Structures are given as C-alpha cells and as structure tokens.
Amino acid sequence: MLVFLVLLTSFLSLLYVTAPSIRKFFGGGVCRTNARLPGKVVLITGANTGIGKETARELARRGARVYIACRDVLKGESAASEIRADTKNSQVLVRKLDLSDTKSIRAFAEGFLAEEKQLHILINNAGIMMCPLSKTADGFETHLGVNHLGTGVTTYAVHPGIVRSQLVRHSFILCLFWWLLSPFIKSPWQGAQTSLHCALAEGLEPLSGKYFSDCKRTWVSPRARNRKTAERLWKVSCELLGIQWD
C-alpha cells in the first residue's frame with residue numbers, strides 16, 4: 001500500500017510539473033494575423049472577464065476602439081482600466097448591457113447608434129451555463145433568453161474549447177472540477193484565439209455562418225445544417241421577441 005501511495009504521489013507530482021507543457025500542447029490554434037485596427041470600432045459582450053476580456057485586450061492592443069458591453073458596469077470599468085493600462089489604448093469604453101432584459105438591449109443599441117456611425121467587429125461573447133431555474137425580465141427561461149434571444153445572430157459560430165473561465169460559476173461540482181484540472185485546460189488567452197482569428201483573418205468572408213474551433217473550420221452535425229429547422233427557429237425567435245426581421 002505504501003509503495004502504491006509513493007508511486008501515485010510521484011505520478012501526480014510529475015503530472016503537475018508538466019502541466020504547462022500539456023496545456024500548451026492541447027491549447028489549440030493561435031491567431032497568427034498581424035492585422036492592425038486603427039479607426040475600427042469593436043463591440044464585445046461580456047468582456048469584463050475571461051475569454052471576452054482577453055479578446056478585448058488583444059483588439060485594443062491592435063489599435064481599435066473597443067466597447068465592453070456588460071451587465072456589471074463596475075466590473076467592466078475595472079477590466080477596461082486594466083486593458084487601457086496594459087495596451088496604452090485609451091479608447092476602451094464600457095457600456096451597460098443586460099442580455100436578460102430586452103429593454104436594456106434596446107437602450108444599449110440606441111445609445112450605441114447615437115455614439116457610432118459604424119460597427120466593424122461584433123463579438124457576442126457573453127453567455128451563461130447551469131443557472132438555477134429562473135426567468136428573464138421578459139419571462140423567458142434564463143438560458144434561452146440570454147444565450148439565444150438576448151445574443152441574437154452571429155456571423156461565425158465559435159467553440160473556444162474547455163477554458164478556465166467563470167462560465168461554470170453556478171455549479172459547485174464543475175467549479176471544483178475546473179479547479180482540479182485548471183493546470184491542464186485552456187487559459188482565457190488561449191480560449192480567445194478562435195474569436196480573434198474569425199474577427200481578424202483575411203479571406204474568411206466566403207465561410208460566413210460556418211463553425212470554427214481552434215482557429216479553423218470544423219465539422220457540424222447534419223441537424224445543425226438543416227435549413228428548415230433553422231428557418232423555423234428564426235421564425236419562432238422573432239415571434240417570441242415580437243419583431244419582424246426578414
């Protein structure tokens with residue numbers, strides 16, 4: 001028994017020592033473009049933490065005017081202050097946006113249109129997972145209301161991989177699991193790479209609407225490519241929100 005415990009301890013010690021190399025190996029693709037963004041306007045939802053924050057940092061570093069749209073303005077201002085100091089880009093701005101409330105979404109959109117004539121890059125990063133059963137201000141189940149109806153339609157669908165972020169904060173078991181595996185799973189910086197790739201890489205226009213992971217196009221289930229299902233989802237979503245959008 002003692003020998004087993006010694007071997008197990010040695011194995012775990014070796015595993016954690018090599019964890020950075022393991023994480024780098026499984027980290028996936030890296031955005032390689034050197035594109036600069038002076039004069040470009042970027043909007044990122046939920047960019048006060050995790051993947052969104054790292055995405056905002058990189059786009060600010062490239063010279064863009066970056067809007068951080070988030071529910072908690074104080075956390076947003078804290079993130080923006082850090083990014084401004086790190087990138088020396090003063091054009092990192094925070095605006096309130098609560099995706100669980102369509103009134104907040106409309107107010108944000110009206111305010112943004114009053115400030116900016118163009119939006120060059122939109123990254124719908126905000127999302128929730130495993131929340132307690134609840135409803136949004138409009139009466140929708142929270143996951144549906146925030147992740148689908150609140151966020152809307154993206155040009156590219158992106159899977160960042162398994163990332164050490166606050167997405168699992170509503171589940172104690174997953175938080176514990178993430179903490180134990182944190183040396184091996186992607187960092188927020190690594191998780192941001194596919195979003196950056198889709199936002200910055202040239203020549204992706206013909207792939208609009210496709211699915212990306214690790215900075216490359218990846219396989220999609222046939223059910224997810226069913227046009228009739230997509231049209232029905234669009235119609236139902238518009239009906240739920242009380243809008244007409246052809």
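These legends accompany several close-up views of a predicted model.

**View 1. The largest nonpolar core and its contributors.** The largest nonpolar core counts 23 residues. Val 42, Ile 44, Ala 56, Leu 59, Val 66, Ile 68 and Leu 200 are the members with the most contacts inside it. Seven elements are worth picking out here, since each gives two or more residues to this core: β1 (41-45), α3, β2 (65-70), α4 (73-87), β3 (92-96), β4 and α9. Helix α3 gives the most, with four residues. A second core of eleven residues is separate from this one, and Val 41, Leu 97, Leu 99 and Phe 112 are among its members. As general background, nonpolar side chains in soluble globular proteins tend to be buried together.

**View 2. The surroundings of Ile 68.** Which residues touch Ile 68, once its neighbours within four places in sequence are left aside? They are Ile 44, Ala 47, Asn 48, Ala 56, Gly 76, Ala 80, Ile 83, Val 92, Leu 93, Val 94 and Arg 95. Two of these partners, Ile 44 and Ala 56, also appear with Ile 68 in the list of residues with the most contacts inside the largest core.

**View 3. Helix α9, enclosed by its neighbours.** Helix α9 spans residues 193-200, and seven of its eight residues are buried, so the helix is largely enclosed by the rest of the structure. The buried ones are Gln 193, Thr 194, Ser 195, Leu 196, His 197, Cys 198 and Leu 200. What do they pack against? Their partners are α3, β4 (121-123), β5, α8 (188-191) and β6. Leu 200 links this view to View 1, where it is listed among the residues with the most contacts inside the largest core.

**View 4. A three-strand open sheet.** The strands follow the order β5-β6-β7, and their pairing is mixed. At the edges sit β5 (157-159) and β7, each pairing on one side only. β5 and β6 run parallel and are joined by three bridges. Among the residues to look for is Val 158, whose bridge partner in β6 is Phe 212. In general, the strands of a sheet pair through backbone hydrogen bonds, either parallel or antiparallel.

**View 5. Two positive phi values between β6 and β7.** Stay with the sheet and look at the loop between β6 (211-213) and β7 (216-217), where Asp 214 lies. Asp 214 is not a glycine, yet its phi is positive, at about 50°. Cys 215 lies in the loop between β6 and β7 too, and its phi is also positive, near 65°. Most residues other than glycine have a negative phi. Are these two residues buried or exposed? Asp 214 is partly exposed, with a relative accessible area of 24%, whereas Cys 215 is buried, at 13%.

**View 6. Arg 61 and its contacts.** Arg 61 lies in helix α3, which covers residues 50-61. This arginine is partly exposed, with a relative accessible area of 35%. Leaving aside neighbours within four places in sequence, Arg 61 is in contact with Arg 36, Asp 86 and Thr 87. Arg 61 and Arg 36 are 25 residues apart along the chain, and their C-alpha atoms are separated by 8.7 Å.

**View 7. A nonpolar patch on the surface.** Phe 172, Ile 173, Leu 176, Trp 179, Leu 180 and Leu 181 form this patch, and together they have about 690 Å² of accessible area. Phe 172 belongs to helix α7, residues 172-181. Phe 172 is exposed, with a relative accessible area of 68%.

Note on methods. Residues are numbered from 1 along each chain as its sequence is written. This is a predicted model: local features need pLDDT of at least 70, side-chain atom pairs count only at pLDDT 80 or more; totals for chains, interfaces and linings use all residues. Side-chain values use heavy atoms; hydrogens and water are left out. Patches are made of residues with over 30% relative accessible area and no salt bridge: like charges are joined within 9 Å, nonpolar side chains (Val, Leu, Ile, Met, Phe, Trp, Tyr) within 5 Å. Accessible areas come from the Shrake-Rupley method with a 1.4 Å probe; for residues, only the protein chains shown count as cover. A salt bridge is a side-chain nitrogen of Lys or Arg within 4 Å of a carboxyl oxygen of Asp or Glu. Buried means under 20% relative accessible area, exposed over 50%, partly exposed in between (1.4 Å probe, protein chains only). Contact means heavy atoms within 4.5 Å. Two strands pair if DSSP finds at least two bridges between them. A nonpolar core is a set of buried Ala, Val, Leu, Ile, Met, Phe, Trp, Tyr and Cys residues joined through side-chain atoms within 4.5 Å.
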